[in-house]
Structures are given as structure tokens and as C-alpha cells.
Amino acid sequence: MNETDQLSFSLREHVVPADRAGIFTLLNAGGFFYPHEMAYGMGLFDEHLLKGDNSSYQFMLYEKEKQILACGCFGVLPLTDRRYHLHWIAVAVGNIGQGIGKKLETAIITRIRMQGGVKVYAEISNRGYHERARKFYEHCGYKPETVIPNYYGAGDDKLLYVKDL
């Protein structure tokens, strides 16, 4: 992506109802989410729309010409001292590997720091097709913290990553 192309991209911190279809498409296209996981992700979106700034969930979008190329969802972990959960970052399949996910993650981390966050947790399955996501988190400075065996189902472990801010 050259400098001229980058100027046409924008970050947006608030979602609107019209974003629902684009976010659903983004989550669905890569085949990385089970239907119940997609429903959960869309539920976070719906809660954010309903509650606005009072929602536990925040979104950040990376877009070009009103097309969502990447979306991230994050929020404060309840009952913790300045700890955040990065629920997910999803990048449009045709844009994977172009640095968009990293730019979005950096913007999310900047926002979390501005809100006083000191740690960010990200969880992911050990399923084989999540290998790229695990490498992404590690590239962004997240460290593997723990494994909870069979968390999501038989043979489907939960890997917890942490990033100190």
C-alpha cells in the first residue's frame, strides 16, 4: 500500500446501524468464526448500538470509501483494575497481510491507553486455522499467558494472550 492509498483510508471509532451488514460480512467471509461466535459478535454490536457510550463494548473500524476493511471490538474487563479484553479483530479476506490489522490494533491500543488501560487480553482457539491469528497477536506484542484445555469443546483449547501497555 503506497502513501497515496493510505490517505484514502480512515479509522472510525463509532458504529452506526448501517455498519451491521458490513461487519457481519467481514466476520462471515473468512470462515474463522462458528455461527454461534458470529451471533455473539453481532450481539456485541447490537448492545453497543443500544447503549452507546454506556456499552461495555467499543468498536473501531478501518475503512476505505465507506467499505469496512477491518473491524475490532474491545472493552474493559469487569471487576478488574484497568484491564481490557480485545474481543476480536477481523480483516476482510482480500486485505489480509497488508498491514491493516496491525494499524487497527495499534489504534485500539492507543485508545485503550488514553482510557487508562494497562493490560490487554486476547483469547483464541487452538484450532489449526487460527494459526494466522495467533501469529498476528504475537507480532503485535502479545505474549501467551495460559492454556485452558477443552474450553470451547473437546480438543478445542482456549489460548489466552496478554499485552502490557
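Which strand holds Glu63? Glu63 sits in β2, the strand spanning residues 58-64. The views below come from a predicted model.

**View A. Glu63 and its surroundings in strand β2.** Glu63 is buried, because its relative accessible area is 10%, and buried means under 20%. Its side chain makes a polar contact with the side chain of Arg12, at 2.9 Å. Beyond residues up to four places away in sequence, Glu63 touches Ser8, Phe9, Ser10, Arg12, Ile68 and Leu69.

**View B. Met60, also in strand β2.** Met60 is buried, with a relative accessible area of 2%. Its C-alpha atom lies 7.0 Å from that of Ile108. Those two residues are 48 places apart along the chain. With neighbours within four places in sequence set aside, the contacts of Met60 include Leu11, Arg12 and Glu13. Ala70, Cys71, Gly72 and Phe74 are also among them. So are Leu104, Ala107, Ile108 and Arg111.

**View C. The buried side of helix α2 (residues 19-29).** Asp19, Ile23, Leu26 and Leu27 are buried here. They lie on the same side of α2, because they cover an arc of only 95 degrees around the axis. An α-helix has 3.6 residues a turn, so residues three or four places apart point the same way. The buried residues of α2 pack against helix α3 (35-51) and strands β1 (9-12), β2, β3 (67-76) and β4 (83-91).

**View D. The other face of α2, and what follows the helix.** Ala21 and Ala29 are exposed, on the face turned away from the buried side of α2. Gly31 follows α2. The phi of Gly31 is positive, near 70 degrees.

Technical notes: Residues are numbered from 1 along each chain as its sequence is written. This is a predicted model: local features need pLDDT of at least 70, side-chain atom pairs count only at pLDDT 80 or more; totals for chains, interfaces and linings use all residues. Side-chain values use heavy atoms; hydrogens and water are left out. Helices (H or I, at least four residues) and strands (E, at least two) are DSSP runs, numbered from the N terminus. Buried means under 20% relative accessible area, exposed over 50%, partly exposed in between (1.4 Å probe, protein chains only). A polar contact is a pair of N or O atoms within 3.5 Å; within protein, one must be able to donate a hydrogen and the other to accept it, and residues adjacent in sequence count only if both atoms are side-chain atoms. Contact means heavy atoms within 4.5 Å. The arc is that of the directions from the helix axis to the C-beta atoms.
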